[in-house]
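Hi everyone, thanks for coming. Have a look at the picture and the sequence while I talk you through a few spots.

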Amino acid sequence: QVQLVESGGGLVQAGGSLRLSCAASIRTFSSYAMGWFRQAPGKEREFVAASRRNGVSTYYADSVKGRFTISRDNAKNTVYLQMNSLKAEDTAVYYCAAVLDGTSTSNYYYIRARNYNYWGQGTQVTVSS
C-alpha cells in the first residue's frame with residue numbers, strides 16, 4: 001500500500017522560506033513522477049510543481065516559478081519543495097502526489113491533479129503579510 005506523508009509546513013512571514021518534504025512508502029519510488037499541489041480555502045486544488053522520475057525534468061506553475069524548487073532523493077524515497085520569497089497568496093494546504101512515470105508521454109499529463117493516483121494528507125503553509 002502506497003503512503004505519502006508530508007511535513008515541513010508552518011507559519012512564516014512574507015519573504016521567508018520553508019522546505020516541505022514528502023516521504024513515500026513506494027517500493028519503486030524511482031519509477032514514479034511526483035507532484036506538489038495546493039489548495040487554499042474556497043479554491044480548487046492547483047498545480048505547484050512536478051518532477052519526473054529522473055529528477056531532471058521538472059515543471060512549475062507560473063505563480064511559483066523562480067521562487068519554488070522541487071527536488072527528489074530516490075535513495076531516500078523523498079521529494080522536497082523548497083519555497084523561497086513566500087507571499088501571502090502562497091497560503092494553502094500543500095499536498096504531494098505520485099503517479100507512475102511513463103503513463104503518458106505528454107508533459108501536461110504530470111501537471112494535472114486528476115492524473116495522480118496517490119495523495120498525502122497535506123501540510124498547512126501559512127504566510128503572514
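Okay, one term before we start: two strands pair if DSSP finds at least two bridges between them. The strands themselves are DSSP runs of E, at least two residues long, and they're numbered from the N terminus. Also, this is a predicted model, where local features need pLDDT of at least 70, side-chain atom pairs count only at pLDDT 80 or more, and totals for chains, interfaces and linings use all residues. Residues are numbered from 1 along each chain as its sequence is written, and side-chain values use heavy atoms, with hydrogens and water left out.

So, find strand S9, residues 92-100. Which strands does S9 pair with? Strand S4, residues 32-39, pairs with S9 in the antiparallel sense, over 8 bridges. In that pairing, Gln-39 stands opposite Val-93 of S9. Val-93 also stands opposite Gln-124 in S11. Strand S11 covers residues 123-128, and it runs antiparallel to S9 with 3 bridges joining them. Then there's strand S10, just residues 118-119, which is antiparallel to S9 too, over 2 bridges. Here you can spot Ala-98 opposite Tyr-118.

Is S9 mostly covered or open? Mostly covered: 7 of its 9 residues are buried. Buried means under 20% relative accessible area, exposed means over 50%, and partly exposed is in between, using a 1.4 Å probe and protein chains only.

Now for the rings. A pair of aromatic rings is described by the distance of the centres and the angle of the planes. Rings of Phe, Tyr and Trp (for Trp, its six-membered ring) pair if their centres lie within 6.5 Å; planes under 30 degrees apart are stacked, over 60 edge-to-face, and the rest tilted. How many aromatic pairs does the structure hold? There are 7. One of them is Tyr-109 with Tyr-110, edge-to-face, 5.2 Å centre to centre and 75 degrees between the planes. Tyr-110 counts as buried because its relative accessible area is 0%.

Another edge-to-face pair is Tyr-116 with Trp-119, at 6.3 Å centre to centre and 65 degrees. Tyr-116 is buried at 5%, while Trp-119, at 28%, counts as partly exposed. Ring pairs link both of these into a cluster with Phe-37, Phe-47 and Tyr-95.

Last bit: charges over rings. That needs NZ of Lys or CZ of Arg within 6 Å of the ring centre and within 35 degrees of the ring normal. The charged end of Arg-45 sits over the ring of Trp-119, 4.7 Å from its centre. Arg-72 does this with Phe-29, at 4.6 Å.

How values were computed: Helix = DSSP H or I, 4+ residues; strand = E, 2+ residues; numbered from the N terminus.
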